[in-house]
Amino acid sequence: MLKKSLGLIALSAMLVAGTAYAKNPTVGSAAMYENKNIIENAVNSKDHTTLVAAVKAAGLVETLQGKGPFTVFAPTNEAFAELPKGTVDTLLKPENKEKLAKILTCHVVAADASSKAIMKMIDDDEGAHPVKTVGGCVWTAKYKGKKLTLTDENGTVATVTIANVKQSNGVIHVIDKVLLPKM
């Protein structure tokens with residue numbers, strides 16, 4: 001009887017732990033932990049190595065490790081690869097640090113906004129919500145079904161492919177395009 005009870009307790013503990021873990025999606029084959037900050041989680045995602053390199057080059061690591069709250073729309077390596085040839089290499093040069101920082105901070109909102117909260121704002125604004133970023137850009141958020149999109153000032157539409165990746169200092173939404181300010 002004692003063995004059976006201990007077995008049930010162990011199984012219950014595993015189920016509870018599994019349920020807690022399941023709330024945060026895996027990104028780039030890496031577990032994302034709610035008790036780690038945006039940078040601590042992002043460096044483990046194999047899908048965000050370009051973004052991490054860009055954040056380092058722009059000098060934004062300390063900022064994104066800060067208290068927040070932040071909502072980061074995180075482009076994947078594939079999204080960066082879709083930019084014209086040589087763009088990423090050029091942006092990573094020290095002389096382009098300010099331009100790179102502008103682009104990256106246009107992927108950050110000074111709030112902890114879940115996809116559900118963003119969709120409510122879209123509904124409240126009758127189908128399209130302006131998203132004001134830390135970098136001074138204003139994107140347009142829309143959704144159809146459960147598909148959340150952001151449109152930049154140039155008409156590029158990014159789709160959220162993984163939503164609600166909770167962090168200790170905010171939330172990450174993975175996107176499939178790099179959003180650019182009007183230049």
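## Two sides of helix α8

Turn helix α8 so that its buried side points away from you, and the face you see carries the exposed residues Lys 116 and Asp 124. Keep in mind that this is a predicted model.

Now flip to the other side. Helix α8 covers residues 115-124, and its buried residues are Ser 115, Ile 118, Met 119 and Ile 122. Looking down the axis of α8, you'd find these buried residues within an arc of 100°, so they line one face of the helix.

## What the buried side packs against

What do the buried residues of α8 pack against? Their partners are strands: β1 (70-75), β3 (129-132), β4 (138-144), β5 (147-151), β6 (157-167) and β7 (170-175).

Follow the chain just past the end of α8 and you'll meet Glu 126, which has a positive phi of about 60°.

## Meet His 173

One residue worth finding on screen is His 173, which sits in strand β7. Is it buried or exposed? His 173 has a relative accessibility of 0%, so it counts as buried.

The His 173 side chain has two backbone atoms to look for. One is the backbone oxygen of Ala 113, at 2.8 Å. Another is the backbone nitrogen of Asn 164, at 3.1 Å.

## Who else touches His 173

Setting aside neighbours within four places in sequence, His 173 is in contact with Thr 71, Val 72, Phe 73 and Ala 74, among others. Its contacts also include Ser 115 and Ile 118, and both of those are buried residues of α8. Val 160, Ile 162 and Ala 163 are in contact with His 173 too.

Note on methods: Residues numbered from 1 in each chain as written. Predicted model: local features only at pLDDT ≥ 70, side-chain atom pairs only at ≥ 80, totals over all residues. Heavy atoms only, no water. Buried < 20%, exposed > 50% of the residue type's maximum accessible area, 1.4 Å probe, protein only. Helix = DSSP H or I, 4+ residues; strand = E, 2+ residues; numbered from the N terminus. Arc of directions from axis to C-beta. Contact = heavy atoms within 4.5 Å. Polar contact = N/O pair within 3.5 Å; in protein donor to acceptor, adjacent residues only side chain to side chain.
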